[in-house]
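User: I am in my first year and would like to take a careful look at one part of a protein model, with enough of its surroundings explained that I can find my way around.

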Amino acid sequence: MNSNKKFLSFDKMFKFIVVFIFLLAVIFMLFSFSTGTDIVQNIKDNNIIVQISSDISEKSDNESQYKTPPVNDLTGLGISEEYLSFRPVSVMIDNLEKTNPSYGLSRADIIYECPVEGMITRLMAVYKNPYDLPVIGNIRCTRPHFINLANGLDSIHIHIGADDSALTMLSDKIIDNFDLEYSHDMMWRDQNRMYNLGYEHSVLTSGQLLEQGVESSNCEKTYNKQIVTNKFSENSQVLNGTASNTINVKFFHANITSFNYDEAAQAYFVSHQSAQLEDANSGAKISRKNLLLLYVNATSSNGSYQVDLSGSGEGFYACNGKSIPIKWSRESSQTNFKFYDSDDNELELIPGQMYVCCVPNSGNIEIL
């Protein structure tokens, strides 16, 4: 009988040891798996109370504060998350003196200016999100070099008409495009412009009409391919450039686009033939943070310009009232520009809207 009592006593002691070891294991696990956690132990009435004060949620909040915000790949500026994967929309815009002001230019992320025919140039306004604009235009016909620029951005191209070479390219379906000549539900003609400026200068559209047209077609609204994007930085090489407060771009001797730097706005205001460009939607004067002024090969045939935007060339980058010489390259006519400084380092652009001039080698970029 005594042996039985000893056995029971031993049994109780064994159970006590097991429970004690179990409690130690629990406490050890709490310490092991609670990184960043304050553990306070209070022992009351023979019960172990473990209070855990975790800072995990606080840590998560801090991490979200430092999350990189969405960035517009065209400008380096912030953008709403919902527009991040949107394909750009490129719209052909008139650039005659009499058609100024145009509609929607102030909102364009990039404006390209290239020669087209005679001694005139035309604009291509590129938008990451044009779909809330009330009016865009007036819209004109496209050319092969504009199609190549648009394709390099994987953009949806908007125009009315095209020359023969451009029509051949479009028939090969190298780019998603809407020719408003055949998409009447995406445009209207402004009676006042038609009467005062001429039939060809009267075509307008809106962001809503463009969005309806895109969504009712087989055209993808988001990116189809990986595009070459520019590098953006507030520490651009241009900050060490030379003072450049006035820049005159002479496409032809009788066709000049000028840029005048405004310190307060920290941007260049744009003039064409001495008249400042304006946006008819808001009355705002057109200004740009970044200017990319590129010399290109351009030849005239039967009065129409063929502009070669493949290969490489030279030019200037201006921003914040300063400029530097640069080099540009495009791997093919269907890729985007890459830019380099004079030492062949990749050019860093300061975030902001752009104006890109494709200037014939016979033209002149005058920096004052």
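Which residues does Asn129 touch, not counting residues up to four places away in sequence?

Analyst: Please keep in mind from the start that this is a predicted model. Leaving aside residues up to four places away in sequence, Asn129 touches Tyr83, Phe86 and Arg107. To find Asn129 itself, look in the loop that runs between strand S5, residues 120-127, and strand S6, residues 136-137. Within this loop, the side chain of Asn129 reaches the backbone nitrogen of Tyr131 at a distance of 3.2 Å. Although Asn129 sits in a loop, it is counted as buried, because its relative accessible area is 14% and the cut-off for buried is under 20%.

From the loop we can step back to S5, which pairs in the antiparallel sense with S3 over 5 bridges. One of the places where you can follow this pairing is Met92, whose bridge partner in S5 is Met124. S3 also pairs with strand S7, residues 156-159, this time in the parallel sense and over 3 bridges; here Ser90 has His157 in S7 as its bridge partner.

S3 itself covers residues 89-93, and since 5 of its 5 residues are buried, the strand is largely enclosed by the rest of the structure. In a regular strand, side chains alternate between the two faces of the sheet. For S3, this puts Val89, Val91 and Ile93 on one side and Ser90 and Met92 on the other, and both sides are covered.

It helps to set beside this a strand with another pattern, namely S22, residues 338-341, where Phe339 and Asp341 form a covered face while Lys338 and Tyr340 form an uncovered one. S22 pairs with strand S21, residues 322-330, in the antiparallel sense over 4 bridges, and within this pairing Lys327 has Tyr340 in S22 as its bridge partner.

A second loop residue is worth visiting, and that is Ser244, which lies between strand S12, residues 242-243, and strand S13, residues 246-252. Ser244 counts as buried because its relative accessibility is 0%. Its side chain makes a polar contact of 2.5 Å with the side chain of Ser323. Ser323 also appears among the residues that Ser244 touches once those up to four places away in sequence are set aside, together with Tyr261, Tyr268, Gly321, Lys322, Ile367 and Leu368.

Two cysteines can be added to the list of buried residues: Cys141 is buried because its relative accessible area is 16%, and Cys219 is buried because its value is 13%. The structure, however, holds 0 disulfides.

Finally, these details can be placed within the whole protein, whose secondary structure comes to 6 helices and 25 strands. Of its 368 residues, 46% are buried, a group that includes Asn129 and Ser244. Among contacts with a separation of 6 or more, 62% are between residues 24 or more positions apart. The accessible surface comes to about 18,900 Å², and carbon and sulfur atoms account for 51% of it.

Definitions and conventions. Residues are numbered from 1 along each chain as its sequence is written. This is a predicted model: local features need pLDDT of at least 70, side-chain atom pairs count only at pLDDT 80 or more; totals for chains, interfaces and linings use all residues. Side-chain values use heavy atoms; hydrogens and water are left out. Helices (H or I, at least four residues) and strands (E, at least two) are DSSP runs, numbered from the N terminus. Buried means under 20% relative accessible area, exposed over 50%, partly exposed in between (1.4 Å probe, protein chains only). A polar contact is a pair of N or O atoms within 3.5 Å; within protein, one must be able to donate a hydrogen and the other to accept it, and residues adjacent in sequence count only if both atoms are side-chain atoms. Contact means heavy atoms within 4.5 Å. Accessible areas come from the Shrake-Rupley method with a 1.4 Å probe; for residues, only the protein chains shown count as cover. A disulfide is a pair of cysteine sulfur atoms within 2.5 Å. Two strands pair if DSSP finds at least two bridges between them.
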